[in-house]
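The following exercises practise the reading of a protein model. Please study the sequence and the structure before turning to the worked solutions.

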Amino acid sequence: MDSANEFLLVAGMAAVTFGVRYPILAFFGRLNPPPYVLRALKFVPPSVLTAIIVPAMLFQEGKLDLQPQNAALVAGIFAALVAWRTKNLLLTIVLGMAALWVWRLLMGTL
């Protein structure tokens, strides 16, 4: 693929993304939604992240894996505890990744 085609591909993807999202944002920006809607919208990012992360932690090779050898599960539980105690996102990510690597090293899967 030459650079002209690559540019057109990226520009097309940007146009489609913008075209799909802008009308909703423009319409929503003119409304004053009730406070309960704004409160409910605050739960969308954690819900989406949970829906992505939890299956990756619990399922290994398409099967439910609740064994201690499941490094993603152990690191996820550890990261959840760090998040709960510190409320610090960066520390949670760093310590969660460190726990994942250390557990994989200890289990011999790194």
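**Exercise 1: The largest pocket**

In this predicted model, the largest pocket encloses about 630 Å³ of space. Determine which helices supply its lining and what kinds of residue the lining contains.

*Solution.*
Step 1. The lining consists of 20 residues. Those nearest the centre of the pocket are Ile 53, Ala 79, Ala 80, Thr 92 and Ile 93.
Step 2. At least two lining residues come from each of α3 (44-58), α4 (71-86) and α5 (89-107).
Step 3. Sorted by kind, the lining has 14 nonpolar residues, five polar residues and one charged residue.

**Exercise 2: Thr 92**

Decide whether Thr 92 is buried or exposed, and describe its surroundings.

*Solution.*
Step 1. Thr 92 belongs to helix α5.
Step 2. Buried means under 20% relative accessible area. Thr 92 has a relative accessibility of 12% and therefore counts as buried.
Step 3. The side chain of Thr 92 lies 2.7 Å from the backbone oxygen of Asn 88.
Step 4. Apart from neighbours within four places in sequence, Thr 92 contacts Ala 79, Val 82, Ala 83 and Thr 86.

**Exercise 3: Helix α4**

Describe the span, the packing and the two ends of α4.

*Solution.*
Step 1. The 16 residues of α4 span 22 Å from first to last C-alpha, close to the expected 22 Å.
Step 2. The buried residues of α4, among them Ala 79 and Val 82, pack against α3 and α5.
Step 3. At the N-terminal end, Asn 70 caps α4, with a side-chain oxygen 3.2 Å from the backbone nitrogen of Ala 72.
Step 4. Just after α4, Lys 87 has a positive phi of about 60 degrees.

Key. Residues are numbered from 1 along each chain as its sequence is written. This is a predicted model: local features need pLDDT of at least 70, side-chain atom pairs count only at pLDDT 80 or more; totals for chains, interfaces and linings use all residues. Side-chain values use heavy atoms; hydrogens and water are left out. On a 1 Å grid over the protein atoms alone, a cavity is a set of points where a 1.4 Å probe fits but cannot get out, and a pocket is an open set with protein on both sides within 12 Å along at least five of seven lines; lining residues have an atom within 4 Å of a point. Grid points are joined across faces, edges and corners, and a volume is the space filled by probe spheres set on the points. Helices (H or I, at least four residues) and strands (E, at least two) are DSSP runs, numbered from the N terminus. Ala, Val, Leu, Ile, Met, Phe, Trp, Tyr, Cys and Pro count as nonpolar, Asp, Glu, Lys and Arg as charged, and the others, Gly among them, as polar. Buried means under 20% relative accessible area, exposed over 50%, partly exposed in between (1.4 Å probe, protein chains only). A polar contact is a pair of N or O atoms within 3.5 Å; within protein, one must be able to donate a hydrogen and the other to accept it, and residues adjacent in sequence count only if both atoms are side-chain atoms. Contact means heavy atoms within 4.5 Å. The expected span of a helix is 1.5 Å times one less than its number of residues.
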